[in-house]
Amino acid sequence: MAIVGVLVVFGAVVGGYLMEHGELAVLFQPAEVVIIFGSAFGAILISTPMKVQTAIFGGVMKVLTGKTIKKTDYLELLTMLSEIFQMAKKDGLLVLEAHVEKPESSSLFKKYPGFMEHHHAVDFLTDSAKIIIVGGVASHELEALMDSDIEIHHEESARAPGVLNKVSDSMPGLGIVAAVLGIILTMSVIDGPPAEIGHKVGAALVGTFLGILAAYGFLSPLAAGMELLNQDEAQYIQCIKAGLLAFEKGLSPMIALEFARRSIAGSERPGMKELEDVLRKKK
């Protein structure tokens, strides 16, 4: 839908311009594009380290490709948690040690490739499971440790959309820079024919137009989309936390699984009957 949204923005702006009998050739100003977007890219290089730049690119690609966390992802996660809880209940916690030490080569985790794509969730589950296996940590202390991990990850994941939002805020200003440069060029031919002066003023104003359009039509919505994806990821990890804490407190595997299921937001939360059918089919 993000790509559809991009096309709708382009279609609405260009379509409305053509309805007023505007000429598309006037909007084609490569120099203005170089000034505005080149300056914005340079500002990102100045203000952010490489890991944040990579996160911005990865976040934008996730928004454009629609990689959201769906109900099927939660069904897979709950099925995996059920298998972990049942295994630990039957054979003891130590049976999980080999799986959480090397999850990438674990026969258990290999059955759930969707979960393995969420790298922080994998680290969160395995690190928390190691603490539970070792023991000696009270439930409230384990919960505080999990909350600290989630909070740090949230702060880290918020950097990329935060930078993109700041770049979005600067785009109208960069558009004005391009427009001012265009006016400077116009002043150099002020004694020329009116048609030439009008063309240069129009080209200068395109810079302002591009800056505002990029800010409010594309960059700001992309940053908002990245923030929503980060919230989805946080909810996914909260589901893991709820299940692990319930199981660590000694609740049965099915009750611990219900704690995990109830922590999921309504639109993605599988029904109890739906989850039971999936678990029965898995068995």
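The following exchange asks how several labels attached to this predicted model are justified.

User: What kind of model is this, and how are its residues and atoms counted?

Analyst: This is a predicted model, in which local features need pLDDT of at least 70 and side-chain atom pairs count only at pLDDT 80 or more, while totals for chains, interfaces and linings use all residues. Residues are numbered from 1 along each chain as its sequence is written, and side-chain values use heavy atoms, with hydrogens and water left out.

User: How many helices and strands does the protein have, and what makes a run count as one?

Analyst: The protein has 13 helices and 0 strands, where helices are DSSP runs of H or I with at least four residues and strands are runs of E with at least two, numbered from the N terminus.

User: How do you know what radius of gyration to expect of a compact globule of 283 residues?

Analyst: The rule is 2.2 Å times the number of residues to the power 0.38, with the radius taken over C-alpha atoms. For 283 residues a compact globule would come near 19 Å, but the protein has 26 Å; its C-alpha atoms fill a box of roughly 90 × 35 × 30 Å along the principal axes.

User: Why is the contact between Asp-127 and Lys-130 called a salt bridge?

Analyst: A salt bridge requires a side-chain nitrogen of Lys or Arg within 4 Å of a carboxyl oxygen of Asp or Glu. The side chains of Asp-127 and Lys-130 meet at 4.0 Å, N to O, and are therefore counted as a salt bridge. The two residues are 3 apart in helix 8 (residues 119-134), so they are separated by about one helical turn.

User: Why is Glu-258 called buried or exposed, and what does its side chain meet?

Analyst: Buried means under 20% relative accessible area, exposed over 50%, and partly exposed in between, with a 1.4 Å probe and protein chains only. Glu-258 has 16% and is therefore buried. Its side chain meets that of Arg-262 in a salt bridge of 2.7 Å, N to O, and the two residues are 4 apart in helix 12 (residues 253-262), about one helical turn.

User: What makes Lys-273 and Asp-277 fall into their accessibility classes?

Analyst: Lys-273, at 55% relative accessibility, counts as exposed, whereas Asp-277, at 32%, counts as partly exposed. Their side chains meet in a salt bridge at 3.2 Å, N to O, and both residues lie in helix 13 (residues 272-282), 4 residues apart.
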